[in-house]
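Dear colleague,

I am handing over the structure we spoke about, and I would be grateful if you could look through it with the notes below beside you.

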2 protein chains.
Amino acid sequence: MTTRWLSPEEQRAWRAYMAATHLLEDAIDRQLQQDAGMPHLFYSVLANLSEAPERRLRMTDLAESLKITRSRLTYAVTRLERDGLVRREDCRWDKRSSIAVLTDEGMAALERTAPGHVETVRATLFDRLTPEQVRQLEEICTGIARGLQGGDAESGAEDVPWRRRSSCS
Amino acid sequence: MTTRWLSPEEQRAWRAYMAATHLLEDAIDRQLQQDAGMPHLFYSVLANLSEAPERRLRMTDLAESLKITRSRLTYAVTRLERDGLVRREDCRWDKRSSIAVLTDEGMAALERTAPGHVETVRATLFDRLTPEQVRQLEEICTGIARGLQGGDAESGAEDVPWRRRSSCS
DNA sequence: TAAGTTTGTTTCAAACTTGAACCAAGACTC
DNA sequence: GAGTCTTGGTTCAAGTTTGAAACAAACTTA
C-alpha cells in the first residue's frame with residue numbers, strides 16, 4: 001500500500017505538537033528539579049499515591065495509571081524510598097505484589113511542592129488556553145489515549161506492534 | 001498569594017494530556033526502535049536535515065528547531081555519525097560552528113523508514129481526529145509553544161526559571 | 001499434583017539525557 | 001590590541017530510561 005503522507009494541515013499540527021510537548025515537559029521538569037529536586041515523573045508518583053485510598057497502590061496499578069513501564073516505576077519508587085517519601089509494603093493477599101505507600105514525609109514534600117508545580121502548569125499551559133480550548137484538549141487527548149490503551153473500541157484490538165502489551169486488565 | 005488550583009475541567013484535561021503524550025511518544029518510539037533501530041529524536045534529526053537547504057544545518061539551529069538542548073543533540077549526531085547517516089563539517093565563516101549534514105546513506109535510511117513512521121503517526125493520532133480537531137490541536141500547540149519560547153508577546157518576557165535561556169535568535 | 005502458563009516485580013547492562021564545566025572563536029570595549 | 005563578554009560546541013559524571021532476562025508466586029490443567 002502506498003503511504004498516506006500527512007496533509008499540510010496535519011504536518012503543521014504535528015510539528016506544533018512536538019514543539020509544544022517538548023517545551024512544556026522541559027519547563028515542568030526544570031521547575032520541579034529546581035524547586036523539589038525531582039523530575040516530573042517522580043512528582044506524579046507522589047501525586048498519584050496521595051489520591052489513592054490509604055495513599056497506597058500496587059506497583060502495577062500505579063504504573064498503569066501513570067502510563068509508564070513497570071521497570072521505570074521500580075526505579076522511581078526505589079529512589080523515592082531512599083529519600084523516605086515512599087515506602088514499600090508486601091501485599092497480604094498476593095505475595096508477588098508489592099505496594100507503594102506514600103509516607104507522611106512524602107505527603108509533606110508533595111504539599112510543599114504542589115503550589116509551585118501547579119503555578120507552572122498554569123503559566124505554561126492553562127493561562128494560555130480559553131475554556132473552550134481546555135475542553136478541546138481534553139477531548140483530543142482522551143481520544144488518543146483511548147486509542148492507545150486497552151481502548152479496544154472500534155477498530156478491533158489487533159495486536160499491532162505499537163500497542164503496549166500489558167495494558168489494563 | 002494563595003495557589004490557584006486547577007479546576008475540575010483543567011484537571012481532567014491535564015490528566016488526559018499526560019496520558020496521551022506518554023502513550024503516543026511510547027508508541028512512536030517503539031515503532032521506530034523496532035523498524036529503524038533509532039529513537040524518535042534521532043529520526044527527527046534526520047527528517048529535519050532532509051528538509052534543510054543542502055541537507056545541512058548548524059548544530060545550534062538544529063537544536064533550536066528540534067527544541068532540545070545542544071548537548072542532547074551532540075549525543076544524537078555523534079551516534080548518527082558513527083552509523084554513517086550524518087556527517088559533520090566545519091563552517092567556513094564561523095570556525096566555532098559545526099554543521100550537520102545528512103549523508104546519502106542517511107537520506108536512504110530516512111526514506112526507508114518514513115512510511116512506517118508516518119503510518120504510525122496516522123494510526124495513533126490523525127486517524128482518530130476530525131479535521132476540526134486537527135485544527136484545534138495545531139492552534140493549541142502553537143499557542144503553548146509560542147508562550148514557552150522567545151514568544152515574548154503579551155505577558156512581557158520576564159526571566160522566569162522555566163523559560164529556556166538560549167531560545168531563538 | 002507435577003508441569004506449564006501467566007502475572008507481579010526486580011535486576012542488569014546498554015542506551016540516552018541532564019546540567020554544569022570547559023574550550024575555542026568571534027564580538028565588544030576602552 | 002589586551003581584557004571582557006558572548007556564542008557555538010563538546011565533554012563528563014551523574015541520573016534516568018529501556019528492554020530483555022530472571023525470579024517467584026499464583027493459576028491452569030491434564
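What follows is an account of the confidence of the model, then of the contact between the protein chains, and then of the two DNA strands.

Please keep in mind throughout that this is a predicted model. Chain A has an average pLDDT of 89, and 88% of the residues score at least 70. The stretch to read with reserve is residues 151-169 of chain A, where pLDDT stays under 50, although the model does have 31 contacts beyond four places in sequence for those residues.

To begin with the two protein chains, their contact takes 69 residues from chain A and 69 residues from chain B. Together the two chains bury about 6,500 Å² between them, and 64% of that area lies on carbon and sulfur atoms. Between chain B and chain A there are 10 salt bridges, and one of the pairs joined in this way is B:Arg4 with A:Asp127, whose closest N and O atoms are 3.2 Å apart. Across the same interface of chain B and chain A, 14 residue pairs are in polar contact, counting pairs with both residues at pLDDT 80 or more. On the side of chain B that touches chain A, the elements giving two or more residues are helix 1 (8-36), helix 2 (40-51), helix 5 (104-124) and helix 6 (131-148) of chain B. Helix 1 of chain B provides the largest share of that side, with 20 residues. Sorted by class, the side of chain B that touches chain A consists of 33 nonpolar, 16 polar and 20 charged residues.

Turning to the DNA, strand C has 19 residues around it, of which A:Thr60, A:Thr74, A:Arg88, A:Ser98 and B:Arg72 come nearest. Which parts of DNA strand C lie within 4 Å of the protein? Of the atoms concerned, 71% belong to sugar or phosphate, while the rest belong to bases. A phosphate oxygen of DNA strand C lies 2.8 Å from a polar side-chain atom of A:Thr74, and a phosphate oxygen of the strand lies 3.2 Å from a polar side-chain atom of A:Arg58. For A:Ser97, the partner of the polar side-chain atom is a sugar or linking oxygen of DNA strand C, at 3.3 Å. The elements that give two or more residues to the surface near this strand are helix 3 (59-66) and helix 4 (70-82) of chain A, together with helix 4 (70-82) of chain B. Helix 4 of chain B makes the largest contribution to the surface near DNA strand C, with four residues. That surface has nine charged, six polar and four nonpolar residues.

DNA strand D is surrounded by 20 residues, the closest being A:Arg72, B:Thr60, B:Thr74, B:Arg88 and B:Arg96. Sugar and phosphate make up 69% of the atoms of DNA strand D that come within 4 Å of the protein. An N or O atom in the side chain of B:Arg88 is 2.4 Å from a phosphate oxygen of DNA strand D, whereas the side chain of B:Arg96 has an N or O atom 2.9 Å from a base oxygen of the strand. From chain A, a polar backbone atom of A:Lys95 is 3.0 Å from a phosphate oxygen of DNA strand D. Helix 4 of chain A, and helix 3 (59-66) and helix 4 of chain B, each supply at least two residues of the surface near DNA strand D. Helix 4 of chain A gives the most to it, with four residues. By class, the surface near DNA strand D comprises nine charged, six polar and five nonpolar residues.

With best wishes

Notes
Residues are numbered from 1 along each chain as its sequence is written. Chains are lettered from A and ligands numbered from 1 in the order in which they are written. Side-chain values use heavy atoms; hydrogens and water are left out. A residue is near a molecule or strand if one of its heavy atoms lies within 4 Å of it. A polar contact is a pair of N or O atoms within 3.5 Å; within protein, one must be able to donate a hydrogen and the other to accept it, and residues adjacent in sequence count only if both atoms are side-chain atoms. Ala, Val, Leu, Ile, Met, Phe, Trp, Tyr, Cys and Pro count as nonpolar, Asp, Glu, Lys and Arg as charged, and the others, Gly among them, as polar. Contact means heavy atoms within 4.5 Å. Buried area is the accessible area (1.4 Å probe) that two parts lose on being put together, summed over both. A salt bridge is a side-chain nitrogen of Lys or Arg within 4 Å of a carboxyl oxygen of Asp or Glu. pLDDT is the predictor's confidence in each residue, from 0 to 100.
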